[in-house]
Amino acid sequence: MRNRLKGNKLNNQGFSLLELLIVIAIIAVFSVTTIFGISAISKGNAKKMNKNLYSSLSELKTSTMSKTGKWQIVIKKQDNDMMISVMRDLKEMETYKCSASRVNLVYNDGTDHSIKDDELVIEFSRDDGSVKSITYGGTDISDKQHGKFIVTAAGRSYETELWYKTGRVTTVN
């Protein structure tokens, strides 16, 4: 039996350079695919959030002018979600949620107001559809002519603009 063991050599050479390069290439392909996938999801979330913001503002203006009650939109960060809520008489009518970890929302009226820091509340006038008030953290900031919502994710920006005197809502992207 001892002679048999001497005749058999252990194959203890390890991996060849070619095998290591192939494994590294496979890992690189999976990593790049994952990064692009996450980036595409983030861009899609930002675009969807901008679209929902635009439609919620337009809908709020129409509801304020045509239906009874006190209508407003509340935009805030809650837990790990960015939330856009349409309210009627302080009751939530409709809410859109988006993961705040991938999307950044800023309201700019000459000054950047990060929605992650505080909530933004918008009301339209029943008479003519103009912006009645915009409050950020409880402070009225509607003394300008217009403001712009900027939604960013993965290096891509989407904008929705709100004109105070007319209540007009436009989107660039």
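This is a short talk on the strands, the two sheets and one aromatic pair in the structure shown above.

Let me say at the outset that we are looking at a predicted model, so I will start with its confidence values. The mean pLDDT of the protein is 84, and 87% of the residues reach 70 or more. The confidence does vary along the chain: among the elements, helix α1, at residues 2–7, has the lowest mean pLDDT, 53, whereas strand β6, at residues 120–124, has the highest, 93.

As for the overall composition, the secondary structure comes to 2 helices and 11 strands, and if you read along the sequence you meet the pattern α-α-β-β-β-β-β-β-β-β-β-β-β. Of the 173 residues in the protein, 34% are buried, and the protein exposes about 11100 Å², of which carbon and sulfur atoms supply 53%. If we take the contacts between residues at least 6 apart in sequence, 49% of them join residues that are at least 24 apart.

Now to the sheets. In general, the strands of a sheet pair through backbone hydrogen bonds, and they may do so either parallel or antiparallel.

One sheet is open and is formed by 6 strands in the order β3-β2-β1-β6-β7-β8, with antiparallel pairing. Its edge strands are β3, residues 91–99, and β8, residues 139–140, each of which pairs on one side only. Within this sheet, strand β1, residues 71–78, and strand β2, residues 81–88, run antiparallel and are joined by 8 bridges, and one pairing you can look up in the structure is lysine 77 with its bridge partner in β2, methionine 82. The hairpin of β1 and β2 has 2 residues between the strands, and there aspartate 79 takes a positive phi near 55 degrees. Strand β1 is also joined to β6, again antiparallel, by 3 bridges, and here isoleucine 75 has leucine 120 as its bridge partner in β6. Towards the β8 edge, strand β7, residues 131–136, is joined to β8 by 2 bridges, and the two run antiparallel; threonine 135 stands opposite aspartate 140 in β8.

The other sheet is also open, with 5 strands in the order β5-β4-β9-β10-β11, and its pairing is antiparallel. Because β5, at 112–114, and β11, at 169–171, stand at the edges with a single partner strand each, one side of each is left without a neighbour in the sheet. From one strand to the next, the twist averages 20 degrees. Strand β4, residues 104–108, pairs with strand β9, residues 146–153, in the antiparallel sense over 5 bridges, and leucine 105 has valine 151 as its bridge partner in β9.

That brings me to the side chains on these strands, where I would like to put one question to the group: how many aromatic pairs does the structure hold? The structure holds 1, and its rings belong to tyrosine 107 and phenylalanine 149, with centres 4.6 Å apart and planes at 55 degrees, so the pair counts as tilted. Tyrosine 107 sits in strand β4 and phenylalanine 149 in strand β9, 42 residues apart, and the pair therefore links distant parts of the chain. Both tyrosine 107 and phenylalanine 149 are buried.

Methods: Residues numbered from 1 in each chain as written. Predicted model: local features only at pLDDT ≥ 70, side-chain atom pairs only at ≥ 80, totals over all residues. Heavy atoms only, no water. Pairing = 2+ DSSP bridges. Helix = DSSP H or I, 4+ residues; strand = E, 2+ residues; numbered from the N terminus. Axes fitted to C-alpha atoms, helices over the stretch in contact; angles between N-to-C directions. Buried < 20%, exposed > 50% of the residue type's maximum accessible area, 1.4 Å probe, protein only. Contact = heavy atoms within 4.5 Å. Areas by Shrake-Rupley, 256 points an atom, 1.4 Å probe, with all protein chains shown as cover. Phe/Tyr/Trp six-rings, centres within 6.5 Å; stacked < 30°, edge-to-face > 60°. pLDDT = per-residue confidence, 0-100.
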